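Hi everyone, thanks for making time for this one. I'd like to walk you through a structure that is new to most of us, so let's bring it up on the screen.

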Amino acid sequence: MLDQTVAVVPPGKGVPARYAAFSGIWAGQLNGMYDGKLAVLTVSSGGQVTVSYAWGDLADNKPGVADGSGRIVGNTLKLGRLPNGADITATMPSPGTLNVTYALAGQTYTGSFVRVSQ
């Protein structure tokens, strides 16, 4: 899944707590069967993020990793389209939980992820 060299940069002092809460590595399952990990690597004071997303077998997709960027608006992190064509959003209903939606090739997968490391 994620390379062990993936490094999360702790948010700086100027990053609002509501954005900093997204920082870290999150893991869960989409549709209760497809493993995924979302590493929110950097968070800026304006809510911009850089991420790395790793997935196991997902329908016809073989396991892989894609890097991307996006922005936090309210309690939702919206990524730009990843190189594999996937669109990902992650909403934080409560601290420590992300509801992830992963859309690819006309299919939508959803699941709850929890933070596994800062």
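I'll start with the overall fold, then go through the strand pairs, the aromatic residues, the core and a few loop residues.

One thing to keep in mind from the start: this is a predicted model. What you see is a closed barrel built from eight strands, in the order β1-β2-β3-β4-β5-β6-β7-β8, and the pairing is antiparallel. On average, neighbouring strands in this sheet are turned by 30 degrees against each other, if we ignore direction. As a general reminder, strands of a sheet pair through backbone hydrogen bonds, either parallel or antiparallel.

Let's look at some of those pairs. Strand β3, residues 48–55, pairs with strand β4, residues 64–73, in the antiparallel sense, and eight bridges join them. If you want one spot to find on screen, take S52, whose bridge partner in β4 is D67.

Now go to strand β1, residues 24–30. How many bridges join it to strand β8, residues 107–117? There are four, and these two strands also run antiparallel. Here I25 has S117 in β8 as its bridge partner.

Strand β8 also pairs with β7, residues 97–104, in the antiparallel sense over eight bridges. Within that pair, T101 stands opposite T110 of β8. The two strands form a hairpin with two residues between them. One residue in that turn is A105, which has a positive phi of about 50 degrees although it is not a glycine. A105 is exposed, with a relative accessible area of 76%.

N31 is another residue with a positive phi that is not a glycine, this time near 55 degrees. You'll find N31 in the loop between β1 and β2. Is N31 buried or exposed? The answer is partly exposed, with a relative accessible area of 35%.

On to the aromatic residues. The model has four aromatic pairs. One of them is Y34 with Y109, an edge-to-face pair at 5.6 Å centre to centre, with 85 degrees between the planes. Y34 lies in strand β2, residues 34–43, and Y109 lies in β8, so this pair ties together parts that are 75 residues apart in sequence. Both Y34 and Y109 are buried. They also belong to one aromatic cluster, together with Y53, W55 and Y102. Elsewhere, R18 lies over the face of Y19, at 4.7 Å from the ring centre.

What about the core? The largest nonpolar core has 28 residues, and those with the most contacts inside it are L38, V40, Y53, L98 and Y102. The elements giving two or more residues to this core are β1, β2, β3, β4, β5, β6, β7 and β8. To get a feel for it, click on L38: setting aside its neighbours within four places in sequence, its contacts include I25, W26, V51, Y53, L98 and F113.

Last stop, S23, in the loop between α1 and β1. S23 is buried, with a relative accessible area of 5%. Which residues is S23 in contact with, leaving aside its neighbours within four places in sequence? Among them are V8, V9, P11, V40 and R115.

That's my tour, and I'm happy to rotate the view to anything you'd like to see again.

Notes: Residues numbered from 1 in each chain as written. Predicted model: local features only at pLDDT ≥ 70, side-chain atom pairs only at ≥ 80, totals over all residues. Heavy atoms only, no water. Pairing = 2+ DSSP bridges. Axes fitted to C-alpha atoms, helices over the stretch in contact; angles between N-to-C directions. Phe/Tyr/Trp six-rings, centres within 6.5 Å; stacked < 30°, edge-to-face > 60°. Buried < 20%, exposed > 50% of the residue type's maximum accessible area, 1.4 Å probe, protein only. Lys NZ or Arg CZ within 6 Å of the ring centre and 35° of its normal. Core = buried A, V, L, I, M, F, W, Y, C linked by side-chain atoms within 4.5 Å. Contact = heavy atoms within 4.5 Å.
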